[in-house]
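Visitor: I should like to learn how to read several features of a protein model. May we go through them in turn?

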Amino acid sequence: MRSRPFASPKARIAALARDDKWFLGGLDGVVWAPPFPRWLHRPGFWDPVHVLQHEVGPGYSVALVRRDARENPLHGAARGPGGREPAVLRWRPGRLDTAWLDERGVLIEERRQVLPGGVLESSWQLPRGLEGYLVGFTAQPADATDGVGPTADGVGWTRAVSDRRGQELVLNMELAGSFPPAWRGIAPSEGRSEPEWRHSPFAEGQVGGGSDPPLGAESDPDAHRSGWIWIAVAVPLAGIDDDGLTTIRLTLRLRRAEARRGAPGFSTPHAPWESFFDGFPHFQCGDPFLDRYFDYRIHGLGLNRIEGRWGPIRHPAIAEGPEYFHVPITYSAQCHMMEMRWRRGGREAWGSLLNFVDNQKPDGSFHGRLYPERLKGTDFYHANWGDALLAVDDMQPDAAALARCYEGLSRYARWLTSARDPEESGMFTVTNHFETGQEYMSRYMAVDEEADVAGWRPRLRLKGIDITVYAHQLFRALGWVARRLERPGDEGVWRGLADRTWEAIDQRMWSAEARLFTDVDGRSGERTGVKAAVGFYPLLTGRVGGARLDALLDHLEDPETFGTPFPLPSSSVDDLRFSAEGVWRGKRRNCPWNGRVWPMTTSHVIEGLLRCWRGGSERAGRLAADMLIRFARMMFTDGDPARPNCFEHYNPYTGRACHFRGIDDYQHSWIIDLMARGFAGLHVDASGIEVRPLPDGPARVSLGPVIARGRTLQVVVEPGRVSVSVDDEQFGGSRSEPLRVPWAL
């Protein structure tokens with residue numbers, strides 16, 4: 001085995017550097033990722049930050065201020081003849097570096113980071129000889145701000161924020177410096193709030209002088225009820241360090257006000273982003289798109305990581321995305337479980353399910369979302385819990401977590417059968433077009449012409465092929481776990497339900513006319529015949545073969561149905577409502593599923609093909625490799641290998657993402673899991689290891705170190721040979737045959 005040296009986490013992070021990105025996260029639920037920032041050209045963090053799903057803004061800005069209160073203005077270091085130019089930004093996971101020039105042309109560097117614990121830090125490298133102050137300043141809405149007053153290092157206050165559903169979160173906030181402040185300012189004000197020092201109340205006259213300005217608004221008792229409360233904290237530039245450069249840090253800290261005192265906080269490693277990357281294996285194949293995307297995806301998972309300290313969210317997990325998606329959501333949790341099992345320990349993988357089990361509803365169903373305060377208005381989404389559970393247990397077994405998840409998923413399965421298949425048809429009912437996570441599709445209109453305007457109201461009776469497959473996989477998984485837990489009575493029940501569900505899929509949901517699996521009208525019992533990407537989901541069962549498998553593969557290659565340049569349209573190209581641009585009823589929608597490529601669906605289909613490949617279908621394997629390569633290439637802006645992205649959906653012909661949404665780094669798929677198992681060919685379970693890379697994948701691949709089941713693994717794939725090391729013991733074989741290594745060896 002010819003081992004290849006793997007890059008360090010620091011080098012992997014540095015390799016992702018670019019100048020067109022700004023998203024920052026603290027790996028704990030606080031993220032600064034404004035989709036359309038207005039103030040990147042100003043220092044600091046004036047654009048809103050999100051504490052889980054709650055938007056908090058303004059943040060704060062920073063100014064160099066003379067002793068007479070006048071600003072020493074900063075400009076972008078690439079300033080041209082016209083004067084002011086945007087700042088030069090250099091981003092990498094965990095930090096945003098900015099180069100500024102002051103009015104004398106002196107270069108000053110700022111580093112912005114969101115650190116664990118809800119800290120937005122602006123760190124400055126300042127040359128010797130500057131006079132005055134480095135000032136952090138903010139304007140907080142007076143009607144939501146209370147208790148403003150001095151702290152040891154700055155100014156603190158309480159802020160109430162509400163999310164889109166009116167759920168309130170109360171935060172303790174503090175603006176502070178890394179050195180004792182020269183002065184602090186608090187000034188109620190009317191007018192506008194912008195991160196321009198000249199617009200602040202403090203720019204009107206003398207500042208400093210060794211004493212704090214008056215705190216409060218004694219002259220106007222109503223001042224705190226309207227307008228803004230301006231807050232400033234000034235750190236002196238003189239007398240801190242007379243040799244070389246001076247580093248001054250200004251921070252805005254946000255903490256949940258009702259957090260229980262003494263509750264365990266986030267364990268902050270010295271370099272949190274390096275520590276996060278270090279838990280994942282490194283993937284190398286020589287293809288710049290694939291190599292970069294693997295590590296870029298790790299950034300997205302870290303950006304959306306939530307530490308388990310937010311009320312009902314008691315386990316570390318991954319949020320679906322930034323902004324109002326920054327909470328655990330059931331529909332995407334299955335994806336996070338598949339990917340986070342590749343991180344050492346698997347805490348977030350297990351946590352992504354345990355959080356929902358811990359908060360299970362009395363009837364056995366799950367909340368669709370988990371909020372930090374009250375679990376109201378959480379909706380409901382279906383998810384493939386069975387496959388995700390077994391996948392995590394294969395690589396990161398935890399007997400206690402498995403038993404807890406078994407109990408919770410057993411209750412969920414009983415709710416599913418009683419509430420969604422009371423007639424015992426083996427098929428499961430979708431009641432509205434949102435709960436599948438896939439709205440605006442012809443599949444719903446086939447049974448209700450008003451399905452797209454009914455909102456979340458339960459008016460549909462559509463036996464969904466997707467959730468019926470999910471149910472089959474859940475029953476099968478519960479049967480396997482029941483046997484492991486030595487519950488033979490349970491095992492028989494679950495296996496019986498799995499068989500009944502498969503019989504319904506096989507006999508009632510296959511459409512010979514569409515040559516695809518389709519939904520069934522729950523009222524008439526007739527197949528709808530609508531061709532949608534979910535019609536490929538039965539591939540996940542491993543029970544589709546022969547002529548039906550060939551028909552499905554034909555569709556994936558046919559440009560008239562699903563064989564578009566970028567895989568795979570959510571609805572067939574020949575659907576009357578198909579739109580590559582996501583137009584539905586004459587309007588471009590935020591979340592259209594009538595033809596756009598959604599990475600979630602593409603992951604499901606490639607996963608199914610990968611399973612068919614392992615089951616013996618060479619054609620499925622070649623198609624899986626081809627689709628996975630095109631899938632990864634789609635997620636790069638303008639085809640530039642230096643600019644990976646992960647938006648909600650894409651054009652199936654051009655690969656263009658929904659930039660108009662601004663929701664990048666949306667974790668709604670499991671591409672690094674597919675790359676590790678597809679291109680590196682590594683499959684791990686309780687019996688041992690199998691290395692079987694897809695045909696037509698990259699000629700050379702290395703993956704490692706993978707920490708799975710307490711073992712350290714490394715895989716090398718070469719043109720004619722595969723090798724794997726298990727705790728430094730070497731095994732090898734031909735690339736054309738599966739290499740199996742039982743744990744007993």
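**Reading the model**

Guide: Let us begin with one residue: Val106 is placed in the loop between β8 (95–101) and β9 (107–115), where strands (E, at least two residues) and helices (H or I, at least four) are DSSP runs numbered from the N terminus. This is a predicted model, in which local features need pLDDT of at least 70, side-chain atom pairs count only at pLDDT 80 or more, and totals for chains, interfaces and linings use all residues. Residues are numbered from 1 along each chain as its sequence is written, and side-chain values use heavy atoms, with hydrogens and water left out.

Visitor: Is Val106 buried, partly exposed or exposed?

Guide: Buried means under 20% relative accessible area, exposed over 50%, and partly exposed in between (1.4 Å probe, protein chains only). Val106 counts as partly exposed because its relative accessibility is 24%.

Visitor: Which residues does Val106 touch, leaving aside those up to four places away in sequence?

Guide: Contact means heavy atoms within 4.5 Å. By that criterion Val106 touches Trp100, Leu101 and Pro127. From C-alpha to C-alpha, Val106 and Leu126 are 9.4 Å apart in space and 20 residues apart in sequence.

Visitor: How is the packing of two helices described?

Guide: Two packed helices are described by the distance between their axes and the angle between those axes. The axes are lines fitted to C-alpha atoms, for helices over the stretch in contact, and angles run from 0 to 180 degrees between N-to-C directions. Here the axes of α4 (residues 330–340) and α12 (residues 599–614) cross at roughly 50° and come within 11 Å. α4 is therefore oblique to α12; angles under 35 degrees count as roughly parallel, over 145 as roughly antiparallel, 65 to 115 as roughly perpendicular and the rest as oblique.

Visitor: Which residues make the contact?

Guide: Tyr331, Ser332, Gln334, Cys335 and Met338 of α4 meet Met600, His604 and Glu607 of α12.

Visitor: How many disulfides does a search of the whole structure find?

Guide: A disulfide is a covalent bond between the sulfur atoms of two cysteines; the criterion is a pair of cysteine sulfur atoms within 2.5 Å. The search of the whole structure finds zero. Cys646 is in no disulfide, and the nearest cysteine sulfur, that of Cys335, is 9.8 Å away. Cys646 counts as buried, at 2% relative accessibility.

Visitor: Why does Cys658 form no bond with Cys591?

Guide: The sulfur of Cys658 is too far for a bond, because the closest cysteine sulfur, in Cys591, is 7.9 Å from it. Cys658 is buried, with a relative accessible area of 1%.
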